[in-house]
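Please open the model in your viewer and keep the sequence panel beside it, since each stop on this tour asks you to select something and then look at what surrounds it.

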Amino acid sequence: MTSLNQTIQDVFNEPACGKNQAKSDKERKKGCSKPLQPGGAAGGCAFDGAKIALQPITDVAHLVHGPIACEGNSWDNRGAASSGSTLYRTGFTTDMTENDIVFGGEKHLFKAIREIIEKYAPPAVFVYETCVPAMIGDDIDTVCTKAAEKFGTPCIPIHSPGFLGPKNLGNKLAGEAMLKHVIGTKEPEYTTPYDINVIGEYNLSGELWQIKPLLDELGIRILSCISGDARYEEVAWSHRAKAAMMVCSKAMINVARKMEERYGIPFFEGSFYGIEDMSDTLREIAGLLIQQGAHPELMARTEAVIAREEARAWAAIEPYRPRLAGKKVLLVTGGVKSWSVVAALREAGLRVVGTSVKKSTREDKDKIKKLMGDEAHMFDNLAPREMYRKLKEAEADIMLSGGRSQFIALKASMPWMDINQERHVAFAGYHGMVAMVAEIDRTLANPVWQEVRRPAPWDRVEAPQQAGREAA
Amino acid sequence: MPQDADQVKDHFELFRGDEYKDMLAKKRSEFENPHPDAEIERVKEWAKTEEYKDLNFSREALTINPAKACQPLGAVFAAVGFESTLPFVHGSQGCVAYYRSHFSRHFKEPTSCVSSSMTEDAAVFGGLTNMVDGLANAYNMYKPKMIAVSTTCMAEVIGDDLNAFIKTAKEKESLPEEFDVPFAHTPAFVGSHITGYDNAMKGILEHFWDGKAKTAPKLERVPNGSINFLNGFDGYAVGNLREVKRIFDMMQIEYTILGDQSDVWDTPTDGTFRMYDGGTTLEDAAHAIHAKGTISMQEYCTEKTLPFIAAHGQETAAFNHPIGIEATDSFVMEVARMAGVEIPDELAKERGRLVDAIADSNAHIHGKKFAIYGDPDLAYGLARFVMELGGEPVVVLSTNGSKAWAAKMQELFDSSPFGANCRAYPGKDLWHMRSLLFTEAPDFLIGNTYGKYLERDTGVPLIRIGFPIFDRHHKHRYPVWGYQGGLNVLVTILDRIFEHMDATTNVPSKTDYSYDIIR
């Protein structure tokens with residue numbers, strides 16, 4: 001068995017994953033990625049997943065070793081914000097051609113690494129392995145080792161050929177690469193009893209920054225974020241944190257769990273979405289830090305901040321409640337958002353009539369059931385036609401989803417709002433929830449939906465008085 | 001607290017607050033191990049020099065910010081232009097997710113496209129099973145009239161034989177025997193999306209004209225007076241094709257658009273989801289063999305398709321994304337000649353209006369220096385138009401342009417004093433362009449959305465024309481072809497020039513002596 005296969009097996013055998021624990025040995029061996037259906041419209045691949053997970057490390061040069069396909073179609077396609085370097089937004093690729101495939105792409109890759117280091121002197125180069133080099137057998141591990149020796153810059157191989165599986169697997173493989181080559185390779189200048197890691201948060205639209213002032217106020221330091229607005233160094237010294245929060249549960253659970261194993265950093269799974277979730281998160285962070293030796297007075301300070309912030313957020317949401325009460329929401333997203341957003345929406349008086357559970361774990365689903373009770377309509381991955389039917393039937397007032405489903409929603413006359421990576425408003429934290437509620441209110445109030453939902457005036461079949469009422 | 005719950009700010013303003021400035025500065029000093037400001041300034045200035053440019057141009061192995069995409073993207077583009085056709089990409093699934101988002105972000109429409117979802121097993125044992133199951137599933141789930149197969153690099157590295165696979169799939173009853181499944185090998189490690197368009201288009205015509213992979217008799221050409229039209233890979237497909245159809249109707253000619261994407265990427269919001277809409281009917285695609293001739297709007301998108309059509313006895317003519325007066329003249333005159341019709345007066349009037357508009361505005365463009373990048377044909381068409389306007393292209397760059405393209409560009413530059421100081425840069429990327437913007441110092445840059453980083457870094461204002469355009473909406477609905485299209489491009493260029501003029505003359509009692517309401 002190749003070492004890559006071992007890594008994948010290893011990733012599948014995730015003891016911290018509830019879903020995995022419930023499986024038999026044989027099932028576990030098969031792995032957790034559902035076999036993809038040939039002929040279907042599929043989501044992103046392992047490479048996409050790996051790139052998404054690591055690209056927010058802003059000062060690293062992310063070099064895609066492969067033909068133009070992988071980087072040509074995708075460079076700089078996520079809104080992860082940076083407070084410093086913009087190198088992560090530069091698209092580096094070896095743009096492999098036929099010659100590389102015949103003679104091997106290793107020398108080409110080595111040269112490309114050299115050219116990056118000469119030009120940009122980044123703290124590290126991440127080399128992403130895509131389908132083609134994996135198939136022709138380019139030994140990117142050796143190239144990276146040699147390049148690192150020769151140029152004195154860490155070169156990190158990320159084994160993520162797309163054919164291995166879906167995006168989620170890619171997230172995990174990216175995590176494995178960090179565990180193997182980066183985490184624990186540097187020491188922070190100093191540590192405090194209040195140092196934490198935030199794992200699986202990408203700072204989309206600056207969401208991490210929206211949370212950070214609260215932590216700053218409590219004296220809690222984010223020693224390392226993997227990977228939103230991160231610098232290479234902070235990932236390298238993340239093993240010195242006292243506790244960790246895992247944000248996107250399915251993406252990097254392996255990183256959190258292995259860091260607990262190796263470095264004794266306890267972690268919890270939390271969310272920045274939703275008022276109560278945010279409070280729980282702060283409590284958990286404080287609790288874990290205290291358990292790790294921080295002064296117990298931290299908890300009292302935390303509770304004070306929670307009380308203040310909750311009151312402010314509720315007060316800010318209150319005016320929206322009468323406007324939003326009873327409005328029906330259809331949620332098409334995945335993973336942790338399938339439930340954490342549900343809680344927030346209910347806080348604003350909205351009714352969630354359905355939620356997708358495409359990338360959700362069993363716990364995610366349990367949480368949805370707990371939150372929504374029997375009225376929970378959960379549905380799995382939907383083909384466009386099927387989604388269209390659901391949208392038509394759902395009679396929701398608004399659909400919240402990512403960009404790819406947007407257009408189908410509109411064709412089905414469904415008001416729509418973006419809550420995935422391409423959105424431009426940060427929804428994390430107490431104020432983020434207020435922002436989301438405000439945004440839903442604003443979206444619902446847009447005059448275009450009236451036009452979207454009704455036929456042209458000459459096609460309206462209602463009796464004249466009814467048409468008159470509509471106009472009024 | 002920085003964020004005030006009573007007045008929620010979005011990220012544009014929020015993170016500019018003092019609290020955030022502090023927070024981010026701290027991040028920098030504690031976590032970034034930053035270089036001293038003086039050193040950053042020194043390197044920044046050095047990157048603007050000829051010396052840096054030479055180093056930059058000596059790059060061999062590394063591509064930075066490529067302005068091209070891969071073959072299957074072009075194959076998908078060609079396929080969606082046919083009636084109820086589902087593009088089917090044989091290979092790993094992630095690629096297809098990229099194509100769908102790429103097109104959706106540009107056209108603001110869903111793009112239907114499926115993958116055979118090959119995995120590691122398929123990489124070892126070949127993708128036959130994926131093809132057999134995939135075709136069956138796609139056929140049953142999406143009810144297309146045709147499935148157009150192309151490939152990702154994965155299938156190409158293994159060397160999957162599409163012809164044999166599709167045959168086997170039909171034998172195994174994945175699809176009815178007579179169902180149309182044209183195919184094209186489209187490896188990403190050769191050429192770019194324009195090559196993929198070419199291969200896929202040729203594959204589709206070959207399928208219909210040359211006996212459907214030996215399952216039907218070859219068609220016998222019975223020449224008629226009709227004209228076939230190929231747009232090539234074009235981000236303005238929606239606006240351009242509608243404009244071309246309007247012109248053809250005006251000229252009262254018989255025509256077939258081969259690959260008409262204008263409806264499928266512009267479906268109405270009226271409560272009906274159209275997975276497929278419009279497109280060239282399969283019947284028309286087959287009958288197109290009888291046409292008198294075929295016009296290609298983009299030579300470098302049809303390098304294989306056009307000779308294939310010529311070999312079937314048709315006249316052919318190729319243009320390079322014609323924009324402006326002269327280029328449109330040659331286009332409509334060639335159409336008129338081929339179809340044996342006169343140019344209608346109405347069209348002549350449109351021409352006159354474009355000439356008039358250019359004459360009205362010429363002073364603002366005359367002598368301005370432009371850097372242009374894009375697909376080879378578009379870059380040619382834009383450079384030609386800029387020269388026609390009295391502008392001076394100084395850099396024309398195409399990541400997917402060949403040496404032959406560069407030679408053709410040079411001929412164009414040599415044809416006019418306005419091209420005297422220009423050079424074509426084939427096979428170069430946007431990091432090369434960055435150096436050129438510093439050393440050649442043009443007044444304006446013409447390119448796609450990715451050019452915004454160049455605008456930010458170099459201060460050269462960007463005029464957005466090309467594919468993809470992600471950060472401005474609905475540009476694809478406005479044609480750039482025809483005299484009407486020329487007018488649109490003129491206005492796009494002028495708008496940016498005037499905005500720039502206003503933005504650089506608006507400081508009260510300092511520069512505002514030139515801040516005029518009449519420009």
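Begin by selecting strand S9 (residues 369-373) and strand S10 (residues 392-398) of chain B, which pair in the parallel sense over 5 bridges. In this predicted model, B:Ala371 is the residue that stands opposite B:Val395 in S10(B). If you now bring back the atoms around S10(B), you will find that 7 of its 7 residues are buried, so the strand is largely enclosed by the rest of the structure.

Stay in chain B and select helix H12 (residues 237-251) together with helix H21 (residues 482-503). Two packed helices are described by the angle between their axes and the distance between the axes. Here H12(B) and H21(B) pack at an angle of about 145°, with their axes 8 Å apart. Which residues of the two helices meet? On the side of H12(B) they are B:Asn240, B:Glu243, B:Val244 and B:Ile247, and on the side of H21(B) they are B:Gly482, B:Gln484 and B:Gly485. Sorted by class, this contact has 2 nonpolar, 4 polar and 1 charged residues.

Now zoom out until the whole of chain B is in view, with its 21 helices and 13 strands. The radius of gyration of chain B is 25 Å, close to the 24 Å that the globule rule gives for 519 residues, so the chain is as compact as a globular protein of that length. Taken along the principal axes, the C-alpha atoms of chain B fill a box of roughly 75 × 60 × 50 Å. Of the 519 residues of chain B, 52% count as buried, and among the contacts between residues at least 6 apart in sequence, 69% join residues at least 24 apart.

Next, show both chains and colour them separately, in order to look at where they touch. At this boundary 77 residues of chain B are in contact with 80 residues of chain A. Several elements of chain B supply at least two residues each to this side, among them helix H2 (18-31), helix H6 (93-107) and helix H8 (128-142). The largest share, 11 residues, comes from H6(B). By class, the side of chain B that touches chain A has 38 nonpolar, 25 polar and 14 charged residues. While both chains are shown, select strand S2 (residues 92-93) of chain A and S1(B), which pair in the antiparallel sense over 2 bridges; in S1(B), B:Thr63 is the bridge partner of A:Thr93.

Hide chain B and turn to chain A, which has 23 helices and 13 strands. Buried residues make up 56% of its 472 residues, and residues 24 or more positions apart account for 71% of the contacts in chain A with a separation of 6 or more.

Within chain A, select strands S5, S6, S7 and S8: these 4 strands form an open sheet in the order S6-S5-S7-S8, and the pairing is parallel. Which strands lie at the edges? They are S6 (221-227) and S8 (267-269) of chain A, each of which pairs on one side only. Neighbouring strands of this sheet are turned by 20° against each other on average, direction ignored. Looking between S5 (residues 195-201) and S7 (residues 243-246) of chain A, you can follow a parallel pairing over 4 bridges, where A:Ile199 stands opposite A:Met246 in S7(A). Adding helix H14 (residues 275-291) of chain A shows a helix that lies across S5, S7 and S8 of chain A, running at about 155° to S7(A).

For a single residue in this sheet, pick A:Val198, whose place is in strand S5 of chain A. Is A:Val198 buried or exposed? A residue counts as buried if 20 or more other C-beta atoms lie within 10 Å of its own, and A:Val198, with 27 such atoms within 10 Å, is therefore buried. Not counting residues up to four places away in sequence, A:Val198 touches A:Ile222, A:Cys225, A:Met245 and A:Val247. A:Val198 and A:Ala244 are 46 residues apart in sequence, yet 5.8 Å apart in space from C-alpha to C-alpha.

A:Ala244 also leads to the last stop, the largest nonpolar core, which has 287 residues and in which A:Leu63, A:Val127 and A:Ala244 have the most contacts. Select A:Val127 and its surroundings, where its contacts include A:Leu63, A:Leu109, A:Ile140 and A:Cys155.

Note on methods:
Residues are numbered from 1 along each chain as its sequence is written. Chains are lettered from A and ligands numbered from 1 in the order in which they are written. This is a predicted model: local features need pLDDT of at least 70, side-chain atom pairs count only at pLDDT 80 or more; totals for chains, interfaces and linings use all residues. Two residues are in contact if their C-beta atoms, placed from the backbone, lie within 7 Å. Ala, Val, Leu, Ile, Met, Phe, Trp, Tyr, Cys and Pro count as nonpolar, Asp, Glu, Lys and Arg as charged, and the others, Gly among them, as polar. Two strands pair if DSSP finds at least two bridges between them. Axes are lines fitted to C-alpha atoms, for helices over the stretch in contact, and angles run from 0 to 180 degrees between N-to-C directions. A nonpolar core is a set of buried Ala, Val, Leu, Ile, Met, Phe, Trp, Tyr and Cys residues joined through C-beta atoms within 7 Å. A residue is buried if 20 or more other C-beta atoms lie within 10 Å of its own, exposed if 12 or fewer, and partly exposed in between; C-beta atoms are placed from the backbone. The radius of gyration is taken over C-alpha atoms; the globule rule is 2.2 Å times the number of residues to the power 0.38.
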